[in-house]
Amino acid sequence: MPVINLQPVRETREKQIQLWKELIIDFCRTQKIFVIALEVDFPLFSNAAIERSLSHEAREAFLSALVSDGRAEWMDKGHRKCLVLWHRIQDWADLIVNFVKENGLEDSVMTVEEIRSGVESRGTELHGIDRTVLMRALKVLEHKGKLAIFKGTSADDEGVKFSL
């Protein structure tokens with residue numbers, strides 16, 4: 001399969017990187033993808049119909065550009081897995097606050113799993129959220145005094161007491 005590389009001319013390459021960053025963020029948002037592994041086939045990075053795929057260098061460059069923008073984070077030192085933040089952590093925290101208010105949960109207790117996959121979150125961006133991203137957003141709100149996270153007997157048992 002022929003490989004698509006980074007553009008050699010700096011100006012063109014910068015435009016290419018910008019377009020790919022937008023494409024990756026939009027695709028991950030619509031498909032609810034949070035992790036991209038460089039070693040694993042990713043739909044955007046290869047197209048069997050036209051027999052083309054991005055070079056490893058281009059894949060890493062596009063993800064590194066997202067990391068530089070604060071829209072992604074490398075999950076390992078070898079830069080093989082990337083956590084894509086189609087919303088920044090603070091934006092996820094704001095979505096949680098809106099979700100709580102819209103559902104009248106201001107003084108309620110919910111499990112972390114209910115927030116991720118419960119009836120209330122269906123049809124919202126929170127439904128299916130990556131656990132790592134959710135916990136980081138909840139910790140932001142906890143530091144602001146808007147909720148308390150408490151441990152249960154297992155990871156699936158963690159609870160959140162909202163106080164908005």
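Let's start just past helix α5, at G145, which follows the helix and has a positive phi, near 80 degrees. Helices here are DSSP runs of H or I with at least four residues, strands are runs of E with at least two, and both are numbered from the N terminus.

A quick word on what we're looking at. This is a predicted model, so local features need pLDDT of at least 70 and side-chain atom pairs count only at pLDDT 80 or more, while totals for chains, interfaces and linings use all residues. Residues are numbered from 1 along each chain as its sequence is written, and side-chain values use heavy atoms, with hydrogens and water left out.

Back to α5, residues 131-143. Its 13 residues should span 18 Å at 1.5 Å a residue, and the end C-alpha atoms are indeed 18 Å apart; the expected span is 1.5 Å times one less than the number of residues. At the start of the helix, a side-chain oxygen of D130 comes to within 3.0 Å of the backbone nitrogen of T132.

Which residues of α5 are buried? They are V133, L134, M135, A137, L138 and L141. By buried I mean under 20% relative accessible area, with exposed over 50% and partly exposed in between, using a 1.4 Å probe and protein chains only. Their cover includes β6 (81-84), α3 (89-102), α4 (112-117), β8 (147-150) and β9 (159-162).

That brings us to the core. The largest nonpolar core has 50 residues, and I24, I96 and L138 touch the most other members. α3 gives the most to this core, seven residues. A nonpolar core here is a set of buried Ala, Val, Leu, Ile, Met, Phe, Trp, Tyr and Cys residues joined through side-chain atoms within 4.5 Å. Leaving aside neighbours within four places in sequence, I96 is in contact (heavy atoms within 4.5 Å) with L126, L134, A137, L138, L141 and F162.

Now, the cysteines. How many disulfides does a search of the whole structure find? Zero, where a disulfide would be a pair of cysteine sulfur atoms within 2.5 Å. The closest cysteine sulfur to that of C28 is in C82, 8.8 Å away, so too far for a bond. C28 is buried at 0% relative accessibility, and C82 is buried with a relative accessible area of 0%.

Last stop: Q16, in helix α1 (residues 10-31). Q16 counts as buried, at 11% relative accessibility. A polar atom of the Q16 side chain lies 2.9 Å from the backbone nitrogen of Q7. Not counting residues up to four places away in sequence, Q16 touches N5, L6, Q7 and F62. Thanks, everyone!

Terms used. A polar contact is a pair of N or O atoms within 3.5 Å; within protein, one must be able to donate a hydrogen and the other to accept it, and residues adjacent in sequence count only if both atoms are side-chain atoms.
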